[in-house]
Amino acid sequence: LRQIQEGTFFGELNVSGENEDLPKKRKVKVVVDAITREEYLQSDGIGTVKDIVAEDLRKNKYYRFELFLEEDGGGYVQVVLGKMAFDRHRNYYYYEDEGRYIRIEPYAAGGKSFAVIIITQKEEMQGALYKGE
């Protein structure tokens with residue numbers, strides 16, 4: 001079972017799409033912080049989740065996800081997440097709106113902490129995240 005880990009995670013996403021000007025790789029950062037049940041309820045699920053695996057183990061844990069993509073200038077820009085959901089059959093958390101689909105999957109093999117997939121109307125990015133720089 002893959003429970004959510006707290007911390008700051010970094011990785012590089014492989015980028016694909018029809019536009020040949022797209023970069024082939026893009027750096028990503030995800031910050032995961034534990035929050036209280038009250039903070040989770042107040043957020044209405046916006047960028048927050050209840051750890052479903054921990055719940056199955058009779059523990060109540062809540063987390064806030066903050067997602068950042070590196071821009072051309074080298075700095076990170078935050079990607080605003082909406083209401084997060086959980087796919088119990090595939091064991092990942094996701095956010096979806098008209099323009100994009102973002103999946104954050106807890107992962108525990110090979111030192112990886114999360115797998116991330118971001119799909120927009122013009123590109124698809126996917127890769128693994130590791131704790132620390």
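Here is a short walk through some aromatic rings and charged side chains in this structure. The model is predicted, so to speak of local features takes a pLDDT of at least 70, side-chain atom pairs count only at pLDDT 80 or more, and totals for chains, interfaces and linings use all residues. Residues are numbered from 1 along each chain as its sequence is written, and side-chain values use heavy atoms, leaving out hydrogens and water.

Let's start with the rings. Rings of Phe, Tyr and Trp (its six-membered ring) pair if their centres lie within 6.5 Å, with planes under 30 degrees apart called stacked, over 60 edge-to-face and the rest tilted. That rule gives seven aromatic pairs. Take Phe9 and Phe114: their ring centres are 5.0 Å apart and their planes meet at 80°, so this pair is edge-to-face. It ties together distant parts of the chain, as Phe9 is in strand E1 (residues 7-16) and Phe114 in strand E9 (residues 114-120), 105 residues apart. Strands here are DSSP runs of E, at least two residues, numbered from the N terminus.

Are these two rings buried or exposed? Buried means under 20% relative accessible area, exposed over 50%, and partly exposed in between (1.4 Å probe, protein chains only). Phe9 counts as buried at 0%, and Phe114 is buried at 1%. Both belong to one aromatic cluster with Phe65, Phe86 and Tyr93.

Now for a charged residue. Arg26, in strand E2 (residues 25-35), is buried too, with a relative accessible area of 15%. Its side chain makes a polar contact of 2.9 Å with that of Glu71 (a pair of N or O atoms within 3.5 Å; within protein, one must be able to donate a hydrogen and the other to accept it, and residues adjacent in sequence count only if both atoms are side-chain atoms).

Terms used
Helices (H or I, at least four residues) and strands (E, at least two) are DSSP runs, numbered from the N terminus.
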